[in-house]
Amino acid sequence: MNTTLLTTPPLSLYIHIPWCVEKCPYCDFNSHALKSQVPEQDYVKALIADLDADIARFDLSERPLHSVFIGGGTPSLFSAEAIESLLSQVLSRFKHNASSIEITLEANPGTVEADKFIGFAKAGVTRLSIGVQSFESDKLVKLGRIHNVSQAKLAAKLAHECGVKSFNLDLMHGLPNQSLDNALEDLKTAINLQPDHLSWYQLTIEPNTAFHSRPPKLPQDEVLWDIQDQGFKLLSDAGYQQYEISAFRLVKNNEADDKQCQHNLNYWRFGDYLGIGCGAHGKITDIKKGIIQRTVKVKHPKGYLEPSRAPLDQLNTVASDELPFEYMMNQLRLFSNFTLAHYQQRTGLAASTVLPTLLQAQHKKLMTCSDSRSNEGEWQVTQLGHRYLNDLLEIFL
Ligand SMILES: C[S@@+](CC[C@H](N)C(=O)[O-])C[C@H]1O[C@@H](n2cnc3c(N)ncnc32)[C@H](O)[C@@H]1O
Ligand code: SF4
């Protein structure tokens, strides 16, 4: 690694809340069905101790904080008071721009009521991400969701009114027994609710989930392609611009107000992030030492909440030969372009470590470039490249 190339990227913070009312059969996130009350106060205390240890470990006291994402699990199980206490303690530890910092909280429509959204907004949350998944009752039942269709619609209405700057709806497609029409109806209902952002994921069957042990009947591949093609068109016609494989932002009259998720954008652009909470992952660049480090925290709530135990489970330096793939795995998900100059700044590696592979991808029509002889040339994934993203990524392995 050439340390003169490496620069310090923006710093984000991910906070993991590991509890849900019930475990959904498709979910492989680090989440546990609640057996009793949420131990809010103890957990907030443990999160702050975890954060303080990271700040000291990586000498972060002077680095401004770019964004916060409270994900899960189901963070909306926490009271607004607990979120307020958490956010005030977090923000007091960093320089940040109070008027522009994005603070997202994931909410499950079955765990919120009007007061809670207003309380979250007052606590400093600027963006809600609501896990709707589908607007069809039988699909929600099959997915093991605890909310119903009216609660999902109500949550979107409350999100408009509660005082946050923007909100996202999570929807999934390729659901058990879902037809093309079903999937498009779900999207139309979501579009009518006018979220600022839509995340539209294809259901994947993950190992160690109930769906993996007892697989449901999923749509045929041809139906999945049709859902994608027609879904993308529907979203685009309704003003939702795709900026990442599964992420769409509402563009109103080309206004400058950017509805992209700033936190996720920082991940995808290979920015830095701290990860605090059970099983959370972090990535931190140290330009003085010329290294990029990754952290993983203790996964199980019981161990994480053990006062005598340090929250850090793993601390690794990313090997130089892993960096090109790591950078591309994030960056190539985006529909915007990047330059070799940016690659150098984020990885500390010379352009020559990746240029031959980029040229190969260009030759296969998976990528294009405005000027491949210049470090400022703009590289972009083609439509074909996005369709066959795994094949494209394999070239970088
Ligand atoms: C951290 S998860 C869940 C947030 C929240 N607990 C909820 O379920 O509403 C974020 C999103 O990932 C998506 N997701 C989870 N498991 C998935 C899977 N197996 N396949 C596709 N998308 C999935 C869902 O849309 C979910 O809302
Ligand atoms: S509510 Fe969300 S995080 Fe919890 S089990 Fe279901 S999908 Fe996973």
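What share of the contacts in the protein with a separation of 6 or more comes from residues 24 or more positions apart? The share is 69%. This is a predicted model.

**Overall build**

The protein holds 15 helices and 16 strands. Its radius of gyration is 21 Å, which agrees with the value near 21 Å for a compact globule of 397 residues. Along the principal axes, the C-alpha atoms fill a box of roughly 55 × 55 × 45 Å. Buried residues make up 40% of the 397.

Two domains are assigned: domain 1 covers 11-265, and domain 2 covers 320-397. Their centres, taken over C-alpha atoms, lie 29 Å apart. Domain 1 gives four residues to the contact, and domain 2 gives six residues. On the domain 1 side, the touching residues are two nonpolar, one polar and one charged.

**The ligand shells**

Ligand 1 has 17 residues around it. Those that come nearest are Tyr26, Gly131, Asp170, Tyr201 and Thr204. Three elements give two or more residues to this shell: β4 (65-72), β6 (127-133) and β7 (166-173).

Around ligand 2 stand Cys20, Lys23, Cys24, Cys27, Phe29, Ser31, Gly72, Gly73, Thr74, Asn108 and Gly131. Gly131 is thus listed for ligand 2 and also among the nearest residues of ligand 1.

The two shells divide by class as follows.

| Shell | Nonpolar | Polar | Charged |
|---|---|---|---|
| Ligand 1 | six residues | eight residues | three residues |
| Ligand 2 | four residues | six residues | one residue |

**Strand β4**

Is β4 enclosed or open? Eight of its eight residues are buried, so the strand is largely enclosed by the rest of the structure. A residue counts as buried when 20 or more other C-beta atoms lie within 10 Å of its own.

β4 pairs with two strands named here. Strand β1 (residues 11-17) runs parallel to β4, joined by seven bridges. Strand β5 (residues 102-107) also runs parallel to β4, joined by four bridges. Ser67 of β4 takes part in both pairings. Ser12 stands opposite Ser67, and in β5 the bridge partner of Ser67 is Glu102. β4 also gives two or more residues to the shell around ligand 1.

**Phe270 and its surroundings**

Where is Phe270 found? It sits in the loop between α9 (262-268) and β11 (272-276). Why does Phe270 count as buried? It has 23 other C-beta atoms within 10 Å, and 20 is enough for that label.

Leaving aside residues up to four places away in sequence, Phe270 touches Pro9, Tyr327, Asn330, Gln331 and Arg346. Asn108 belongs to the ligand 2 shell. From Phe270 to Asn108 the distance is 28 Å, C-alpha to C-alpha, with their positions 162 residues apart in sequence.

**Helix α12**

Arg346, one of the residues that Phe270 touches, is a buried residue of α12. This helix spans residues 340-347 and is mostly covered, with six of its eight residues buried. The buried residues are Leu340, His342, Tyr343, Gln344, Arg346 and Thr347. Their cover includes α11 (323-331) and α13 (355-363). An α-helix has 3.6 residues a turn, so residues three or four places apart point the same way. Just after α12 comes Gly348, with a positive phi of about 75°.

Key. Residues are numbered from 1 along each chain as its sequence is written. Chains are lettered from A and ligands numbered from 1 in the order in which they are written. This is a predicted model: local features need pLDDT of at least 70, side-chain atom pairs count only at pLDDT 80 or more; totals for chains, interfaces and linings use all residues. The radius of gyration is taken over C-alpha atoms; the globule rule is 2.2 Å times the number of residues to the power 0.38. A residue is buried if 20 or more other C-beta atoms lie within 10 Å of its own, exposed if 12 or fewer, and partly exposed in between; C-beta atoms are placed from the backbone. Two residues are in contact if their C-beta atoms, placed from the backbone, lie within 7 Å. A residue is near a molecule or strand if its C-beta atom, placed from the backbone, lies within 6 Å of it. Ala, Val, Leu, Ile, Met, Phe, Trp, Tyr, Cys and Pro count as nonpolar, Asp, Glu, Lys and Arg as charged, and the others, Gly among them, as polar. Domain bounds come from an automatic or database domain assignment. Two strands pair if DSSP finds at least two bridges between them.
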